[in-house]
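Me: I'm new to this one and want to take it step by step. Please bring up the sequence and the model, and then I'll start asking.

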Amino acid sequence: MNIIGTAVRRRMRELRRVLQGPQLIAFVPAIALAAFWAFGELALLGVALGLPMLLSGMGLFAMTDSGHHGRACEVTTLDKLEPVATRLAQRAQEQNKLTACFLLGFEDTEELDSRHGAETVFKLRDAATGRIRSALRPGDDISLVDKTRIAVLLGPVIRLDLESALQIASRIQAAAEEPVVVAGSAIYPSYSVGLSLSSRLETEAQGKDFLSSANAALEDAQSSGASAIRAWSRHGRYMKTAETPLETEVRAALEAGEIVPWFQPQISTETGQVTGVEALARWLHPDRGTLPPAVFLPAIASAGLLPKLAETILQETLEALQDWDSLGFTVASAAVNMTKQDLDDPKLPDRIAWQLDRFNLTPDRLCIEVLEDVVAEGPDDVTARNIRALAAMGCGIDLDDFGTGKASISALRRFDVSRLKIDRSFVTRVDTDEDQRRVVAAVIGMAERLGLDTVAEGVETVGEHALLAQLGCKVVQGFGIARPMSPERIPKWIQTYNAKLAQAPRLPRAMG
């Protein structure tokens with residue numbers, strides 16, 4: 001009898017789970033149909049209206065919304081998440097699998113507070129958490145970290161490279177940034193994302209390392225502009241230190257629009273025509289005058305503001321191209337420098353495409369200058385993909401400071417480089433120094449065999465200009481041609497230069 005009683009009680013518990021769980025929804029059509037057959041239309045109406053109210057009273061719909069993970073999402077801290085992250089990392093290691101940590105940072109919360117009230121921020125954050133939760137698997141974990149951050153710990157998977165992790169980060173970000181209607185108005189939240197892959201950590205890494213690396217990546221993303229995504233790497237920043245007075249000053253200068261691009265013309269050695277310009281940052285300091293990059297770039301880099309600077313220079317350069325076009329002084333292209341940090345942004349090609357479209361410019365009007373060290377570091381997934389995407393879009397890819405790094409020929413192919421910039425250290429005294437001449441001739445010869453153009457920077461004398469043209473260098477720039485100047489001065493300079501060019505004597509072409 002005890003055995004029978006135990007079996008009956010077990011069956012009753014299973015029946016209660018069915019009647020109280022989401023499985024009951026599957027029986028609703030059958031219950032409604034049975035009521036209609038047995039008792040007619042009034043019974044059907046009663047079931048149709050009464051059963052949903054009954055299920056709601058039982059809390060069934062609340063269960064189906066949050067029951068995916070079996071618990072509500074509670075506010076915690078990174079310190080308290082460490083044991084969870086440690087267990088996850090250890091489980092992944094034991095199973096010979098991989099995992100990742102994603103940390104989302106809610107942006108512009110102070111502005112939302114002042115405009116809509118603090119309660120709106122909580123509503124937006126909770127809505128984002130619910131949407132992210134619905135996109136996760138049962139083995140994944142999600143937690144609220146203070147008022148502005150959401151942590152997602154990915155359950156162990158067999159394969160997880162940087163490319164797939166960035167795709168996951170984009171999906172999580174898209175879910176979090178869906179608009180939320182508050183008081184009749186649609187509000188579009190913005191989230192930056194920092195991610196850390198277990199494959200990039202040390203083998204014995206614990207949850208603290210996992211979370212701190214994701215947090216460092218998030219800080220990097222938040223300093224790069226709205227909705228940025230950054231992946232942690234050993235070469236990235238580990239912690240945010242207190243800013244120096246100069247770092248604070250350059251931050252304010254960027255916000256005030258004091259740091260702007262000036263432009264140095266580039267000249268064809270074959271035709272003498274202006275072929276383009278290079279954008280070079282200048283700080284228009286209210287007290288100290290115009291300052292060159294050497295004065296402020298280190299402070300900008302240490303403050304994590306290089307992406308912000310690149311965005312500013314890019315936007316104002318494209319605006320200058322548009323302005324020159326409207327004045328009838330079309331400049332074929334403008335070159336803008338991009339750092340490794342800029343090229344690590346998965347959204348870079350989309351942002352540049354959007355900016356080009358915004359100013360009604362074709363991609364061939366823009367050249368992206370990449371330092372040779374960036375290419376020489378190896379086939380970083382995001383960097384290589386971004387450079388190839390920009391090249392496929394139609395942008396020129398200039399390899400800057402060529403000859404000072406260790407870029408291989410295969411790297412030039414892999415990164416779709418279209419032009420080599422010969423470093424000024426090789427250009428100086430090229431007309432009087434035989435060793436310099438051999439080096440430059442070798443670079444130009446290699447570029448020609450690879451189908452690449454060349455541009456020499458730092459040309460300061462007529463002799464250097466003439467010899468570079470004789471060696472076959474396609475384009476030159478430097479103080480010997482023109483110093484960097486404000487965008488307003490470029491049209492007048494082009495007009496004056498073209499007038500001198502028209503008056504210059506032309507050598508007759510050789511016949512036969």
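**Getting to know the chain**

Me: What is the relative accessible area of P83?
Reply: P83 counts as partly exposed, the class in between buried (under 20% relative accessible area) and exposed (over 50%), using a 1.4 Å probe and protein chains only. Before going on: this is a predicted model, where local features need pLDDT of at least 70, side-chain atom pairs count only at pLDDT 80 or more, and totals for chains, interfaces and linings use all residues. Residues are numbered from 1 along each chain as its sequence is written, and side-chain values use heavy atoms, leaving out hydrogens and water. For P83, the relative accessible area comes to 41%.

Me: Which helix holds P83?
Reply: Helices (H or I, at least four residues) and strands (E, at least two) are DSSP runs, numbered from the N terminus. P83 and K208 are 125 residues apart in sequence, but their C-alpha atoms are 8.3 Å apart in space. The run that holds P83 spans residues 78–94, and that is helix 5.

Me: How much of the chain is buried?
Reply: There is plenty of chain to fold up: 21 helices and 17 strands. Of the contacts (heavy atoms within 4.5 Å) between residues at least 6 apart in sequence, 68% join residues at least 24 apart. Across the 512 residues, the buried share is 45%.

Me: What is the strand order in the open sheet of six strands?
Reply: Two strands pair if DSSP finds at least two bridges between them, and in this sheet the pairing is mixed. Its edge strands, each pairing on one side only, are strand 1 (75–76) and strand 8 (229–231). Written out, the order is 1-3-4-2-7-8.

Me: Which residue stands opposite F102?
Reply: Strand 2 (residues 100–106) and strand 7 (residues 191–197) run antiparallel, joined by seven bridges. F102 has its opposite number in strand 7, namely L195.

Me: At about what angle does helix 8 run to strand 7?
Reply: Angles run from 0 to 180 degrees between N-to-C directions, with axes fitted to C-alpha atoms, for helices over the stretch in contact. Helix 7 (residues 118–135) lies across several strands, including strand 3 (141–145), to which it runs at about 170°. Helix 8 (residues 162–176) lies across strand 2, strand 4, strand 7 and strand 8, and its angle to strand 7 is about 150°.

Me: How far apart, centre to centre, are the rings of F106 and Y191?
Reply: Rings of Phe, Tyr and Trp (its six-membered ring) pair if their centres lie within 6.5 Å, and planes under 30 degrees apart count as stacked, over 60 as edge-to-face and the rest as tilted. A search of the whole structure finds four such aromatic pairs. F106 in strand 2 and Y191 in strand 7 are 85 residues apart, and both are buried. Their planes are 15° apart, so the pair is stacked, with a centre-to-centre distance of 4.8 Å.

Me: Why do W493 and Y497 count as a stacked pair?
Reply: W493 and Y497 sit four residues apart in helix 21 (residues 490–503), so about one helical turn separates them. Both W493 and Y497 are buried. The pair is stacked because the ring centres are 5.0 Å apart and the angle between the planes is 10°.

Me: Which cysteine sulfur is closest to that of C395?
Reply: A disulfide is a pair of cysteine sulfur atoms within 2.5 Å, and a search of the whole structure finds zero of them. C395 is buried, at 5% relative accessibility. Its sulfur is 8.0 Å from the closest one, too far for a bond, and that neighbour is C367.

Me: How many of the six residues of strand 13 are buried?
Reply: Strand 13 (residues 366–371) pairs in the parallel sense with strand 12 (residues 334–338) over five bridges. It also pairs in the parallel sense with strand 14 (residues 396–402), where C367 stands opposite G396. Strand 13 is largely enclosed by the rest of the structure, because its buried residues number five.

Me: Is N360 buried or exposed?
Reply: N360 lies in the loop between helix 14 (348–358) and strand 13. Its phi is near 60°, a positive value in a residue other than glycine. Most residues other than glycine have a negative phi. With a relative accessible area of 69%, N360 is exposed.
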